[in-house]
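I opened this model to see how its parts pack. These are my notes, in the order I looked things up.

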Amino acid sequence: HQNYAQTTLRTQVQVGRNVPSFLATTYVVDGYVYWDKDKNHTKDAGDPGLEDVLVRMGPYTAITNASGYFVIRAPAGTYVLKHTPNSPFGNFNSPDSFNLAIGPGVTRSFADTSQAGGYVISRVFMDANSNLVQDMGESGVQGLEVTVSGGAPQAYTDVNGKTRQFVKAGAFTVSVKLPDSLTCSTANPYAGTMVAGDSVTVLFPVTPTPPGYIAGTVFDDKNRNGSKDGGEKGIANVNVYIVSNGGATIQGYAATDANGNYNISVPSNNPPGTTPYSATVVPPSGFFPTSPTSVGPLLVGPNQTLNGNNFGVAGFQIISLNASRVLSLASGDLQENDWSGGNPATARKDNDLVLGADAGGTDNISIWFNQYNSTPLFTASPSLPTGYTRNAPQSVLSMTLDTLDTNAPKSRPDLVTGTKAGATGNFFVWFNQNTSGNEGFFPSTFSAGQNYWTLDVGDVSSVLTMDCAGGMGPDIIVGTRSPTAGRGTIEIWQNSDSATPTFSRQETYPSAGLIPTGTLGEVASMALADIDGDGRQDLVVTTKTGNYSGELLVFRNVGNTNGNRFLCAYDRPLDVGAGMSLACTDVDGDGQIDVIVGTQTSTSSGDIVEFQNITSGGTIDFRTFSHAAPGIVSALMVGDYGGSARNDLVVGWRADETGYGGGLLIYYLDTGNIPPNGTDPSAGALANFVPALTKANFNYGVNPVSPSPPYLMDLAAGVKTGANTGALVVFIR
């Protein structure tokens, strides 16, 4: 083997013992635990004592010292003296214990035998002077994993940097697993040969690994192509992080300089090249990423610089519209008469905005028609000819757009609104009109005969549409807050499939759904997602059961026949907080849809709770992670807002439950985790309560001409600045 310095060191361990009461006379029981090499039951000169062996006598114990000697003091009485052999030894005494009547004291010894082999004693230490010898003052390194072949495979260094592991006689190897910040100056792994009865001490002198450097630029990507082109300037004071373990460990960070450049010193990780790094950026306020927000894997050697790890960002275009008493939002192409020459083929096919508001005016439904490709895309107020308002019977808490009827053109979407319980109902259907000149207009009030009541006569806080009842058209799923605090229901209303359909109640949860508790909290938010991977949309629900308590429930979609089409497959109380909002997306990129719940944990705080999908074998299950939010999480939405192709998380929040402070943040999920910090797309301009979000590509249409790619997802936020004031803010990428 190689000629590296070997040093054998031993530490005398004081015999440990129980100390009995000094009020009684005690007697000494002592002896040795030794390696009986010749198996003659006698401790001969060549039989070494065995260290650190536990010896027991009734309630009294001792640990053998370096010579294998133990001593126990105990009052007179009858006892059984036993010991626990250390690996790889076994007890050679038969029987393996002694029955003792003490008073006076006695001496008994234990003859142990061993497999043929010996001990590898490893010492890992900081070699300050690089002489490969552990000198005075050079401390051991604790907590490192040491692995040997041919014996006890794994141990961890103690406070002195030492491990002691048995190996069989013959060839062996021993290695220490070092962090990237340390480099071993001798062979690692070390290869040697063990002689039966011998021991080998292996020194692993380590020194700090010279750092590596990761560098790049954060730049204003004017043409949004993800590459730094001529004339595109850097952006100062943007934080860049070098992380490992999926973002869990920060290896280094820096803010960009005046030219947008960064150069971050990190422990070199190559060799061994087993723990790659990633460079990540949090886009500055007002910007979105045009390139991935995480660059990796990165392997950097000692004193090496990895250049060119650049991040492109571009500014949002912000359009602020006049709105008040905001509660809910939706978007879609209402197919208003925006074509030319009476030819619908020249329609713009752009996305419009629909807003629901508190009662108290004649405008608790407002519609803005998209004016693609004019500037701005939306006029400030929803008034003819670029928009209009409607009066719902009560405050519009929730809404959704879908094509509910089959009147031509079937593609023109209709509106479902969930409201506070009123005199005429608590949810309503508004059919989009198709007659000439009325295209894209909902009737002045809900469509005739399209007012409905849930059984509990509660407030309808969430509405969804999907074909879940087996007919031809979409059905309506209605979630409520019942008049009884902390209680709610879900109802399935089936489409009659006529040209202008009506809807009839088919199921009410509970008692449908086999909910384990037989009860359901106030429905705060619902979403449809394929949680179990069977190709069918499951129903995901978060609820409020108390001021700061709630649940997450997943109802498995088992078919579209009446009865229990959704069966409760997961029902878990939230660890802390009441459910307020909900979104579903594959956060970690494993192909399974995860769930994100926004909560309220006090009058002025909330969390973003990630339910990581670990469904296996058809059993729906989650692992949970909680992230502190800036306030009460009032709205959640997912969409791709830059970086990689993975969805990102948009969070609307409220500073406290009585005021109107708050804001909007985008959390970019490129690393497969929810990062600790989000980006404010408004650059501080939006500082109020955000109760509603919607998404679409608003600056896209097909006529008079389609824009040049890339085609990017935009978002709109409904904002409340006071009881009767607010805004609708559109963020264009």
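**Notebook: cores and strands**

I started with I102. Setting aside neighbours within four places in sequence, I102 is in contact (heavy atoms within 4.5 Å) with Y27, V29, M57, A74, P75, A76, G77 and Y79.

The model is predicted; local features need pLDDT of at least 70, side-chain atom pairs count only at pLDDT 80 or more, and totals for chains, interfaces and linings use all residues. Residues are numbered from 1 along each chain as its sequence is written, and side-chain values use heavy atoms, with hydrogens and water left out.

Next I looked up the largest nonpolar core (buried Ala, Val, Leu, Ile, Met, Phe, Trp, Tyr and Cys residues joined through side-chain atoms within 4.5 Å). It has 22 residues, and I102 is among those with the most contacts inside it, as are M57 and F70. Strands (DSSP runs of E, at least two residues) that each supply at least two of its residues include β2 (26-35) and β8 (98-102). Another core, of 20 residues, lies apart from it and includes V650 and L715.

Then I turned to β47 (residues 607-613). I found 7 of its 7 residues buried (under 20% relative accessible area, 1.4 Å probe, protein chains only). Both faces are covered: D607, V609, F611 and N613 on one side, I608, E610 and Q612 on the other.

I checked its partners last. Strands pair if DSSP finds at least two bridges between them. β46 (residues 594-600) runs antiparallel to β47, with 4 bridges. I596 stands opposite E610. The two strands form a hairpin with 6 residues between them. β48 (residues 622-628) also pairs with β47 in the antiparallel sense, over 7 bridges. There, S626 is the bridge partner of V609.

How values were computed: Buried means under 20% relative accessible area, exposed over 50%, partly exposed in between (1.4 Å probe, protein chains only).
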